[in-house]
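Here is a friendly walk through one protein chain, from its helices to its cores and its overall form. Have the viewer open beside the text as you read.

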Amino acid sequence: MHTKYSIGEASKACNIPIKTLRYYDSIGLLQPEYRNQESNYRYYSKGQLTTLLIIRRLRAQGFSLKDIRDIITNTDMENLERHMLRHCDDLDVEIRLLQVKKESCKSLLSRIHEGAEIISQQAKSASALSGKIQIEFIPKSKMIYSREIMKQYRNADVSLSRWIDIYDICTELGFHMKSPVIVTFHNHILEQFLMKDCDVEFGVCIEPEHDIPPKITQIRDYGGYKAATLCHIGPYRTIMQSHVALLQWINQNGYELLIDTVSEEFIVSPLDVNDESRHVTKVIMPIRSAR
């Protein structure tokens, strides 16, 4: 029976690449126990093969080399239990984040399908408008947002960095996003097109059951009202046309603005596809019947 194993034999017995064994040796995680003084070859002991199998199993479970080093060095059961409990907690966090990423992918898929349907319907329409004006009820939701005054705002220059910040916050906290990014302009209507200072909010609606950490203070109610909507198809730099068309429709059909703000919901956005002709942005104006 073997008592000493060459690196090749250890690799075959434990199904660990030789390159990996040499790396473990170089960092001092597990160095061959025996050395042949004449050939300078080194050999693993049978007990070390067991240790290698433990290392392989722990790596497969996602343990770091730092934690593995502590586990195989300090072999008491209490130490192993501490590591396992902490790793289970880490896996719970990882599972939660993966679930958020999955929901984000499903949301994007749903928006792509919705955008394709809107574009298809417009292609069949004889209307000059990008899309069809509708009256919708915007359900009330919780929204995480970032709001600030943007100096001499250019509507064509969407701040993608603030956009990404909203996504990062939701991913970090494990929030399921119910909506795409919604940009709301808290200025007088159409002022965002006049190169003036503009009060711009970037937000995303989240599932209501989420527990909001105390550090997250920028959260508000969004929706809960009737709105006139119009889907703008194509380059964002031409979206003013849809704003004006929607405002004219409101004034001509017995409605008035409920609040002096307007929102844009990016169904298919610049962060989804590069082709501007496939971008779909829903313009949302809260309304009520004219007095």
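Which exposed residues does the face of H6 turned away from its buried side carry? In this predicted model, that face carries Ser161 and Glu172.

## Helix H6

Let us stay with this helix for a moment. H6 runs over residues 160–173, and its 14 residues should span 20 Å at 1.5 Å a residue; the end C-alpha atoms are 20 Å apart, which agrees. Its buried residues are Arg162, Trp163, Ile166, Tyr167, Cys170 and Leu173. Viewed down the axis of H6, these buried residues fall within an arc of 145 degrees, so they line one face of the helix. The general rule behind such a pattern is that an α-helix has 3.6 residues a turn, so residues three or four places apart point the same way.

What covers the buried residues of H6? The cover includes helix H5 (77–124) together with three strands: S5 (141–150), S7 (198–206) and S11 (262–268). Just after H6 comes Gly174, with a positive phi of about 75 degrees.

## Helices H3 and H1

H3 covers residues 46–60, and its 15 residues reach 22 Å from the first C-alpha to the last, close to the 21 Å expected at 1.5 Å a residue. Gln48, Leu49, Leu52, Ile55 and Leu58 are its buried residues. They pack against strands S1 (4–5) and S3 (42–45), and against helices H1 (7–14), H2 (18–26), H4 (65–73) and H5. After H3 comes Gly62, whose phi is positive, near 95 degrees.

On H1, the buried residues are Ala10, Ser11 and Cys14. Down the axis of H1 they fall within an arc of 100 degrees, so they line one face of the helix. Their cover includes S1, H2, S3 and H3.

## Positive phi values

Glycines follow H6 and H3, but Asn15, which comes just after H1, has its positive phi although it is not a glycine. Asn15 lies in the loop between H1 and H2, and at 55% relative accessibility it counts as exposed. Gln152 also has a positive phi in a residue other than glycine. Gln152 lies in the loop between S5 and H6, and counts as exposed at 55% relative accessibility.

The values can be set side by side.

| Residue | Place | Phi |
|---|---|---|
| Asn15 | just after H1 | about 55 degrees |
| Gly62 | after H3 | near 95 degrees |
| Gln152 | loop between S5 and H6 | near 45 degrees |
| Gly174 | just after H6 | about 75 degrees |

## The nonpolar cores

Which residues touch the most other members of the largest nonpolar core? Among its 35 residues, these are Phe185, Val200 and Leu246. At least two residues of this core come from each of S5, H6, S6 (182–185), S7, S9 (225–233), H7 (240–252), S11 and S12 (280–289). Leaving aside neighbours within four places in sequence, the contacts of Phe185 include Tyr153, Asn155, Gln192, Val200, Tyr236, Val262 and Glu264. A second, separate core of 17 residues includes Ala10, Tyr44, Leu58 and Leu65. Two of these residues have already appeared above: Ala10 is among the buried residues of H1, and Leu58 is among those of H3. As a general background, nonpolar side chains tend to be buried together in soluble globular proteins.

Is Ile233 of strand S9 buried or exposed? Ile233 has a relative accessible area of 17%, and because buried means under 20%, it counts as buried. Ile233 and Ser104 are 129 residues apart in sequence, and their C-alpha atoms are 23 Å apart in space.

## The whole chain

Stepping back, the secondary structure of the protein chain comes to seven helices and twelve strands. How does its radius of gyration stand against that of a compact globule of 291 residues, and what is the value for each? The globule would have a radius near 19 Å, but the protein chain has 29 Å. Along the principal axes, its C-alpha atoms fill a box of roughly 95 × 40 × 35 Å.

Of the 291 residues, 39% count as buried. Among contacts with a separation of 6 or more, 73% are between residues 24 or more positions apart. The accessible surface comes to about 16,800 Å², and carbon and sulfur atoms hold 52% of it.

Conventions. Residues are numbered from 1 along each chain as its sequence is written. This is a predicted model: local features need pLDDT of at least 70, side-chain atom pairs count only at pLDDT 80 or more; totals for chains, interfaces and linings use all residues. Side-chain values use heavy atoms; hydrogens and water are left out. Helices (H or I, at least four residues) and strands (E, at least two) are DSSP runs, numbered from the N terminus. The expected span of a helix is 1.5 Å times one less than its number of residues. Buried means under 20% relative accessible area, exposed over 50%, partly exposed in between (1.4 Å probe, protein chains only). The arc is that of the directions from the helix axis to the C-beta atoms. Contact means heavy atoms within 4.5 Å. The radius of gyration is taken over C-alpha atoms; the globule rule is 2.2 Å times the number of residues to the power 0.38. Accessible areas come from the Shrake-Rupley method with a 1.4 Å probe; for residues, only the protein chains shown count as cover. A nonpolar core is a set of buried Ala, Val, Leu, Ile, Met, Phe, Trp, Tyr and Cys residues joined through side-chain atoms within 4.5 Å.
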